[in-house]
Amino acid sequence: MRSPRNIVTLAIAFGGILSSAAPLQLNEQEYLETQGLNVMLAHDYYPEGHQGGVSIIQNGLRVATNGDLRLDRTPGQWDPIPAKIGERRVDPQTGRISCRFQFPDESKNRKGFNPIEYPDLEFAYTLSIEPAEGTSFTVTVDLDERLPSKWDGQVSFMLELFPGFLFGKTYLTDEGDSGYFPRQANGPGRFDETGEYQIDSLAKSKSLSIAPESDAQRMIIESVVGSELELVDGRGLHDNGWFIVRATLEKGAVENALQWKLSPNVIENWTRDPVIQVSQVGYHPAQQKFAVVELDKHDAQRPDLELKRLHSDGTLETVTDTTIEEWGRFLRYDYLRLDFSKIKTPGSYLVTYGNQRSRPFRIASDVFDRHVWQPTLEYFLPAQMCHVRVNDRYRVWHGACHLDDARLAPLDHNHFDGYIQGSDTRTTYQPGGHVPGLNRGGWHDAGDDDLRIESQAGTILGLVHAYEAFGQDYDNTTIDQESLTVEIHQPDGKPDLLQQIEHGTLSVAAGYRELGVFYRGIINPTLRQYVMLGDTMNMTDNVPFDPSVSDHQLPEIGQGIPGSPDDRWVFTTRRSARHELIGAAGLAAAARALKGFNPELAAESLRYAETSWDKIEVDEVGQKVPLATELYLATNDPQYLRFIVEQVDYVAAHFAQIGWELCRILPSVNDSKFKTAIRSAAETHAQSIREAERETPYGVPYQPGIWGAGWGIQSFGAKQYHLHKAFPDLYSRDLMLNALNFVLGCHPGSNTASFVSGVGAESLTVAYGLNRADWSYIPGGSASGTALIRPDYPELLTWPFLWQQTEYVLGGGTTDYLFLAQAAASIFDAE
């Protein structure tokens with residue numbers, strides 16, 4: 001028998017466990033901190049996205065999160081989660097931080113997000129963290145009352161470890177067992193008593209050392225009260241899982257039902273390396289140009305910050321006509337700005353700060369003319385197209401899919417992705433019945449394959465706005481609606497923008513034609529289909545379900561098997577003015593763009609949009625102003641312009657939201673009262689933007705949240721184009737261009753990649769798209785980008801399964817970027 005060895009002894013052999021850093025202390029933001037280590041409790045509230053409970057940021061990396069109670073051994077996205085119901089309580093004397101939770105959070109179940117029946121178990125507990133000696137801390141669970149005995153050994157505290165930092169690193173137990181963290185989930189596994197697959201543990205022990213060979217990541221976890229620790233690969237059941245360390249509660253205990261001691265190693269006097277943030281594409285000679293340097297707050301060094309011009313022989317020439325600003329603190333970091341707006345000489349440049357270098361970038365008048373917006377139009381939009389086969393030279397992005405769309409969703413049904421079908425279909429079709437015509441057009445939204453009305457119509461709107469503003473006839477794709485095939489890198493003599501507008505309109509118009517209302521969405525009926533990765537053609541058998549000739553009555557009986565009821569469901573009954581308005585606006589815009597390209601479809605779209613004008617019920621009549629704008633531009637009918645003018649008070653009050661849309665029709669307005677009111681509203685809005693812009697070092701208003709801000713920033717930039725064109729004295733073009741720089745790499749965090757995959761010298765090439773299981777990307781896809789780990793840590797991980805950081809979406813996520821990049825290319829030509 002092997003003699004047990006203390007894990008601390010083993011860890012010391014790999015470089016020592018006892019940190020000489022200062023002890024953890026409570027800071028004013030209510031988390032535990034010492035230089036090189038932060039421990040948070042209940043700041044984040046998104047456990048489905050691996051943000052919640054106890055979180056650990058060690059030597060600059062968020063290595064662990066979601067420290068909390070769960071009922072499942074390897075919980076997935078829809079499994080029961082706790083709900084924070086109390087305020088975080090802190091004890092300044094001891095540094096103890098506590099928060100009371102209620103389990104489970106059934107709100108999602110009630111709203112229809114959760115397809116799994118919640119257990120018959122309700123309990124409350126308090127989770128606490130407290131500094132121990134050195135950089136160690138304890139985690140304690142106190143229950144309000146004893147759990148029912150049938151739940152003994154089933155409720156566990158678990159901590160998730162981010163896999164991307166651990167692949168190939170080792171773990172050690174206190175008995176001397178060891179292993180390494182595998183790149184993919186490996187068996188063996190088994191089926192438990194409920195029939196669910198469970199992957200075998202990687203290790204079990206009372207103490208566990210994580211990455212003992214790494215000074216930056218070494219952490220010892222000890223189970224003081226509760227069961228022994230179990231290390232398990234959470235990806236065994238869920239592709240988006242993380243590594244998990246878990247232990248069940250002490251049987252029968254109430255107070256001190258579980259306690260762990262965690263000892264993360266902290267590098268003495270650790271400071272984060274400076275990060276130089278620039279646009280990964282480059283700059284036009286005439287635009288405002290600056291680089292941002294992000295610094296650890298403990299970093300007092302100030303080496304030379306310089307712009308260098310790169311010569312063909314590899315030498316670097318220092319460019320002196322620059323200015324340096326100590327910008328100050330934003331979130332947890334200090335910032336410098338290097339302004340090189342005066343540099344107009346074309347060439348390749350880079351920024352140096354001490355021994356740090358940025359990626360090279362261009363200064364050139366044609367910097368936005370190629371390789372910037374084109375990938376979105378020639379790769380991303382085709383790859384997202386539904387109901388067609390998408391070929392790309394040697395590659396097939398996916399086959400012709402969902403040709404069996406769609407069956408009317410069941411009555412009184414809450415779908416797990418938020419769709420709700422009520423007690424009235426609002427159509428002549430019966431629940432379960434096939435609705436013809438829905439198997440053409442549309443784009444898969446995000447990493448899913450559903451067709452939401454707001455994503456379909458929103459994408460149409462954005463594409464039309466870009467086509468009208470810039471007249472781009474770029475053609476590098478063949479789209480054949482007869483054969484349902486797409487060929488990337490094969491021009492067909494037709495503008496790609498118009499073909500994409502047509503493709504989206506085919507879906508939205510067909511929905512209205514067949515249903516008499518705008519569909520709310522078209523989506524897979526089962527969770528197995530919803531989470532399926534790979535070729536979307538395999539989700540269904542592509543044949544409309546016929547119950548009279550099929551023995552298969554349940555969707556769970558194998559997607560893609562002939563005769564299965566695997567057709568997507570179309571939801572219709574939830575009336576929403578917002579969704580109906582955007583659907584009608586999309587069709588009105590499509591009617592303009594397609595008038596000479598597909599006259600029949602254009603006329604049909606305009607007819608539905610005008611019919612909707614009278615039918616849509618709104619809480620405030622002013623909500624119809626954006627639709628009136630699109631209809632006026634489509635028809636020149638003065639009734640729509642009169643309506644907009646009559647809503648002057650609403651428009652002025654909501655200028656921040658809809659003012660940019662009105663800029664397109666302002667030249668047609670002759671009413672002086674209206675113009676005066678809009679001018680005043682524009683002045684107020686512009687002032688608020690300037691004030692917000694000064695709060696960040698990036699030249700744009702930016703309020704980080706749990707979801708990455710990239711989509712919001714590029715949407716802001718696209719709107720600034722219209723505002724700048726209408727009110728050039730109020731809205732600087734700098735705001736628009738700074739928004740583009742933010743998306744293209746000048747943003748917070750150590751990952752300075754462009755949010756748009758395949759665009760720029762460095763970009764996100766591991767993203768949450770249809771090919772995320774391959775750790776790959778779709779060129780031109782615009783990801784959500786840097787997210788906030790609350791309260792102050794910006795993060796953009798290289799990981800394909802974090803939708804709030806790297807997901808691609810349609811609508812604003814795609815078309816706002818396409819518009820903004822084309823605007824940057826055109827703004828200087830017009831001036």
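## A strand covered on both sides

Strand β11 has both of its faces covered: Ser156, Met158 and Glu160 are buried on one side, and Phe157, Leu159 and Leu161 are buried on the other. This is a predicted model, so keep that in mind as you look around. In a regular strand the side chains alternate between the two faces of the sheet. β11 spans residues 156-161, and 6 of its 6 residues are buried.

Which strands pair with β11? One is β5 (residues 61-70), joined to β11 by 5 bridges and running antiparallel to it. Another is β20 (residues 243-248), which pairs with β11 in the antiparallel sense over 6 bridges. Phe157 is a handy place to see both pairings: Leu69 stands opposite Phe157, and in β20 the bridge partner of Phe157 is Ala247.

## An antiparallel sheet of four

Next, have a look at the open sheet made of 4 strands in the order β22-β24-β28-β27, where the pairing is antiparallel. Its edge strands are β22 (275-277) and β27 (323-330), and each of these pairs on one side only. From one strand to the next, the twist averages 25 degrees.

Zoom in on the β22 end of the sheet. β22 and β24 (residues 290-295) run antiparallel and are joined by 3 bridges. Ile276 has Val293 in β24 as its bridge partner.

## A mixed sheet with a helix across it

Another open sheet of 4 strands has the order β33-β32-β39-β38, and here the pairing is mixed. Which strands stand at the edges? They are β33 (395-398) and β38 (477-480); each has a single partner strand, so one side of each is left without a neighbour in the sheet. On average, neighbouring strands of this sheet are turned by 20 degrees against each other, direction ignored.

In the middle of the order, β32 (residues 389-392) and β39 (residues 485-488) pair in the parallel sense over 3 bridges. Val390 stands opposite Val486 in β39. Then there's a helix to add to the picture: α3 (residues 374-384) lies across β32, β33, β38 and β39, and runs at about 155 degrees to β39.

## A glycine in a loop

Now for a single residue. Gly418 sits in the loop between β35 (413-414) and β36 (420-421). Is Gly418 buried or exposed? Its relative accessible area is 17%, and the cut-off for buried is under 20%, so Gly418 counts as buried.

If you'd like a sense of distance, try Gly418 and Ile616. They are 198 residues apart along the chain, and their C-alpha atoms are separated by 22 Å.

## Two helices that cross

Finally, turn to helices α14 (residues 710-726) and α17 (residues 812-827), which pack with their axes 8 Å apart and at an angle of about 45 degrees. Angles under 35 degrees would count as roughly parallel, and those from 65 to 115 as roughly perpendicular. That's why α14 and α17 are oblique to each other. Their crossing is left-handed.

Who makes the contact? On the α14 side the residues include Trp711, Gln714, Tyr721, His722 and Lys725, while the α17 side includes Gly812, Asp816, Tyr817, Phe819 and Leu820. Sorted by type, the residues of the contact come out as 8 nonpolar, 8 polar and 2 charged.

Notes. Residues numbered from 1 in each chain as written. Predicted model: local features only at pLDDT ≥ 70, side-chain atom pairs only at ≥ 80, totals over all residues. Heavy atoms only, no water. Axes fitted to C-alpha atoms, helices over the stretch in contact; angles between N-to-C directions. Helix = DSSP H or I, 4+ residues; strand = E, 2+ residues; numbered from the N terminus. Parallel < 35°, antiparallel > 145°, perpendicular 65-115°, else oblique. Left-handed = near helix turned anticlockwise from the far one by under 90°. Contact = heavy atoms within 4.5 Å. Nonpolar A, V, L, I, M, F, W, Y, C, P; charged D, E, K, R; others polar. Pairing = 2+ DSSP bridges. Buried < 20%, exposed > 50% of the residue type's maximum accessible area, 1.4 Å probe, protein only.
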